Amino acid sequence: MASDGEREIAAIRDRVVAEIRAADSVTALDDVRVRVLGRSGELTLQLRAVGALPASERPAAGKALNQARRAIEALLDERRASLESAAISGALHDSSFDFTLPATPMRLGTLHPISRIQYQIEDIFTSMGFAVLDGPEVESDYYNFEALNIPKNHPARDMQDTFYLEDGNLLRTHTSPVQVRAMEVMRPPIRAIAPGRVFRYEVTDASHENTFYQVEGLMVDEDISVANLIAVMKTMLREVFERDVTVRLRPGYFPFVEPGFELDIRCFICEGKGCAVCKRSGWVELMPCGMVHPAVLRYGRIDPDRHSGFAFGLGLNRLVMMRYRIDDIRLFLSGDLRFLEQF
Ligand code: PHE
């Protein structure tokens with residue numbers, strides 16, 4: 001025999017079921033849910049009152065209330081799903097809704113062209129066993145100059161117009177300080193690259209920026225020679241330009257390499273015949289490099305009688321400008337979306 005309490009619960013349930021069936025929108029359905037199962041909903045209050053019942057009535061009342069609640073919840077979910085799908089198909093059939101219209105395009109960001117090349121170069125060198133290192137942008141005079149064989153008052157300091165900070169530090173003018181930092185913590189064989197931002201106190205124009213990007217390269221082991229330097233550079237260039245690249249070395253001066261070179265590549269626009277990009281010479285200057293100077297090895301606590309190495313300083317902006325034929329270096333930091341969206 002059902003008790004009065006159970007009859008009352010059954011009555012509530014039947015009424016709520018009818019209300020759910022009658023709800024004609026998701027909003028109306030939500031109203032029913034809140035009224036019955038919400039914080040102070042009808043059924044919630046009943047459930048809370050179970051504790052106050054005489055112990056003999058509690059189990060049956062609790063069981064009946066929970067069953068009613070589960071039934072109502074299941075019905076609410078079912079009704080909601082069918083109201084939602086009806087709303088969608090209603091929208092599709094509503095003549096004012098043209099579902100053949102293209103959606104509003106989503107604006108996705110893209111990688112900056114410098115980042116793209118940087119990541120590509122990191123991948124190429126990683127596959128050749130190079131580590132990718134990072135160095136500070138605020139550098140000491142020691143790492144930026146002194147340990148690179150550029151003593152105070154050395155004329156080579158003028159080659160690199162420097163932003164000095166009030167505390168005596170400076171903004172690194174190149175990524176070469178990472179060479180010394182690498183040698184301090186790594187022992188030969190050393191194979192490392194160090195991409196990063198560098199700064200020069202310079203008047204800007206289409207080919208000069210005060211902030212640009214380099215990738216330093218360093219390889220130190222027994223018997224490293226210019227042949228290793230050329231082989232590694234050709235491998236890298238083949239990947240970046242997706243074809244074999246002819247290179248040549250000219251003498252170049254940097255205090256931290258001996259001998260020092262400028263590495264040129266055969267102009268890929270005119271194939272060496274002479275054009276505006278290569279200024280009729282058939283060659284384009286790509287990057288300075290050379291064999292690490294014995295004094296620099298010593299600063300890195302490496303014995304120049306046992307080990308030798310090569311280093312290079314690849315200008316990323318220049319590389320990107322050649323690959324995509326960009327004619328103004330200032331575009332990179334302009335933040336101009338018309339430029340950036342092309343990559
Ligand atoms: N650090 C030099 C520069 O930025 C380039 C360089 C790197 C030259 C390594 C030789 C070897 O001007």
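Here are some friendly questions and answers about this predicted model, its ligand and a few unusual spots in its backbone.

Q: What makes the pair formed by His174 and the ligand a polar contact?
A: A polar contact needs a pair of N or O atoms within 3.5 Å. A polar side-chain atom of His174 lies 2.9 Å from a nitrogen atom of the ligand, so the pair meets that cut-off.

Q: How do you know that Ser176 makes a polar contact with the ligand as well?
A: Use the cut-off of 3.5 Å again. An N or O atom in the side chain of Ser176 is 2.8 Å from a nitrogen atom of the ligand, and therefore this pair counts too.

Q: Why does the pair between Arg200 and the ligand count as a polar contact?
A: Here the ligand offers an oxygen atom, and an N or O atom in the Arg200 side chain is 3.1 Å from that oxygen. The pair is within 3.5 Å, so it is a polar contact.

Q: How much of the ligand does the protein bury?
A: Taken alone, the ligand exposes 320 Å², and the protein buries 95% of that. The ligand sits in the largest pocket.

Q: Which residues surround the ligand, and what makes a residue near it?
A: A residue is near the ligand if one of its heavy atoms lies within 4 Å. There are 15 residues around the ligand, and the closest are His174, Ser176, Arg200, Gln214 and Gly313. By class, this shell has seven nonpolar, six polar and two charged residues.

Q: Which strand gives the most to the shell around the ligand?
A: That is S9, with three residues. Strands S5 (211–221), S8 (283–292) and S9 (308–315) each supply at least two residues of the shell.

Q: What is the peptide bond from Pro188 to Pro189 called, cis or trans?
A: This bond is cis, with omega near 0°. Pro189 is found in the loop between helix H7 (177–185) and strand S4 (190–199). The bond from Glu258 to Pro259 is also cis, with omega near -5°, and Pro259 lies in strand S7.

Q: What is noted about the phi of Glu242?
A: Glu242 has a positive phi of about 55° although it is not a glycine. Glu242 lies in the loop between helix H8 (226–241) and strand S6 (247–251).

Technical notes: Residues numbered from 1 in each chain as written. Predicted model: local features only at pLDDT ≥ 70, side-chain atom pairs only at ≥ 80, totals over all residues. Heavy atoms only, no water. Polar contact = N/O pair within 3.5 Å; in protein donor to acceptor, adjacent residues only side chain to side chain. Areas by Shrake-Rupley, 256 points an atom, 1.4 Å probe, with all protein chains shown as cover. 1 Å grid on protein atoms, 1.4 Å probe; cavity = no way out; pocket = protein on both sides within 12 Å on 5 of 7 lines; lining within 4 Å. Sits in = over half its atoms within 2 Å of the grid points. Helix = DSSP H or I, 4+ residues; strand = E, 2+ residues; numbered from the N terminus. Nonpolar A, V, L, I, M, F, W, Y, C, P; charged D, E, K, R; others polar.
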